[in-house]
Amino acid sequence: MARARDESSPLFAGNAAGTLRLIFYLALAMVLMVLDHRNGWLWRLRYGAAVVVEPVYRLAGLPAVGVRTLSVAFADRQRLTEQNQRLREDLLLANAKLNRMAAVAEQNQRLKELLDTQHSLELNVQLARVIGMDLGAYRYRLTLNVGARDGVKPGQPVIDAHGVMGQVKEVLPTTSVVMLVTDPAHAIPVEIERSGLRTVAYGSRDGDQLTLPNIPLAADVRVGDHLLTSGLGGRFPPGFPVGEIRSVAPASTGMFMVAQAQPAADIDRSEDVLLLHDQAEPDGPPVPVKSMGPPSDLAPVTGEAQTVPASASSAPSGKPSARPAPPGVQP
Amino acid sequence: MNRQRLSLWWFIGTLLFALLSMLVPLPGVLEPFKPYWPALILLYWSLESEDRVTLGLAFVIGLGADLLNGVVLGEQALRLCALVFIALRFRSRLRFFPMWQQTLAVLALLLNDRLLLLIVRVLAGASLPPASWWISPFVGAALWPFLFLLLDDLRARLRIQ
């Protein structure tokens, strides 16, 4: 049997048919890749094949669950007690803060009503568990155990207790894939908490950091500054912590400063995450203000005509983060 | 008949297991050390039972891996096809190499595989991966003798083809 086959696979020369077959398959693969890259077929196919794919995901997540269970089972009493104690203290602290915050939140709500904006401080969230699974592509993805059946939609922000983790990228019936903020293909509009400077934080290719490549040279950015979501772009609601600046240096081009930031969220360690549902209001760039008054060609002085729309446009767009109300609004 | 069926199931089982272990996560520190399991198992089978492993099978396994992995459809199909083609072409020689030479050959194949992957990813517009990304082929090659001996031993014990 083996002898008969030896003639079909000689020691040194290959046969042309094999090469042709290889070329055929390679071409097929390339066509598939291009089509998929253009049209995103894969996810439709995956959605169709979810019956097969999802059990495999759960199966692949089992070792991680097992390790977690074991670590709980074998954790000694001492450590559990300590952990419990620490959690209690944290809870107490959080509750105390919450109580203090409640009054502030109420006040904020009232002021905002006065300002006639609809930003609310309440969160409409959904708890999700991370399925421990390796999605290969440079490990910037997470899989969650909720999907289309639980009302998850692509684009929903994902946060954990410390900050923004990413956004839902693809949804299967009972699982969904999250793109992390550290993904090099991800960008999130942020503002620096201390100075209010708005910029964009990109994922960095070597893994666990954020890069802010275009900070103006004159801007006031220091190591230790906190980044918050700015709410521009409409995908992430404003005011969530994103990260903390770790280093600032001039870019090699000399035109900007580049900052590296550490994500606020526990990207590697989170097991439970929150999906934000409340993204009803499109919070993108403010609606262009209709020019009020006479048409501009009738305006006598150009300088005055420009200042009026500028001040009018800044008021309704409203800084998303909580700022004291402008004095003029008080009745 | 029964033994044949068992051996077929063993063959399919190892391939499915390879796909599954591709998905199993490792702790963050070990992540770059994860070998590309489907390639290793396919290599083993293409050396050991040539009549089962064809380019078509490699293509199908690759498509399955793509489906599970969520990368571009056809990427792993392409890589595994190229890998299996080279392995089948040099099969008669690879089989009779001493183990260390075989390991070196596997290393070359896996490095070639990573290179293909890099080309595909760069063409698709992804950024260059970090240096630790290149560790995986070496781990795969280092595991190869053990994997080979283990699978051979199991096969001998189960007395299947």
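**Barrel and core of a predicted two-chain model**

Q: In which order do the six strands of the closed barrel in chain A run?
A: The model is predicted, so local features need pLDDT of at least 70, side-chain atom pairs count only at pLDDT 80 or more, and totals for chains, interfaces and linings use all residues. Residues are numbered from 1 along each chain as its sequence is written, and chains are lettered from A and ligands numbered from 1 in the order in which they are written. Strands are DSSP runs of E of at least two residues, helices runs of H or I of at least four, numbered from the N terminus, and two strands pair if DSSP finds at least two bridges between them. In chain A the pairing in the closed barrel is antiparallel, and the order is β1-β2-β5-β4-β3-β12.

Q: Which residue in β4(A) stands opposite A:Val158?
A: Strand β3 (residues 157–159) of chain A is joined by three bridges to strand β4 (residues 164–171) of chain A, and the two run antiparallel. Opposite A:Val158 in β4(A) stands A:Gly166.

Q: Which helix of chain B gives the most to the largest nonpolar core?
A: A nonpolar core is a set of buried Ala, Val, Leu, Ile, Met, Phe, Trp, Tyr and Cys residues joined through C-beta atoms within 7 Å; buried means that 20 or more other C-beta atoms, placed from the backbone, lie within 10 Å of a residue's own. The largest such core has 91 residues, and those with the most contacts inside it include A:Met165 and B:Cys81. With 11 residues, the chain B helix that gives the most to this core is α4 (residues 75–89).

Key. A residue is buried if 20 or more other C-beta atoms lie within 10 Å of its own, exposed if 12 or fewer, and partly exposed in between; C-beta atoms are placed from the backbone.
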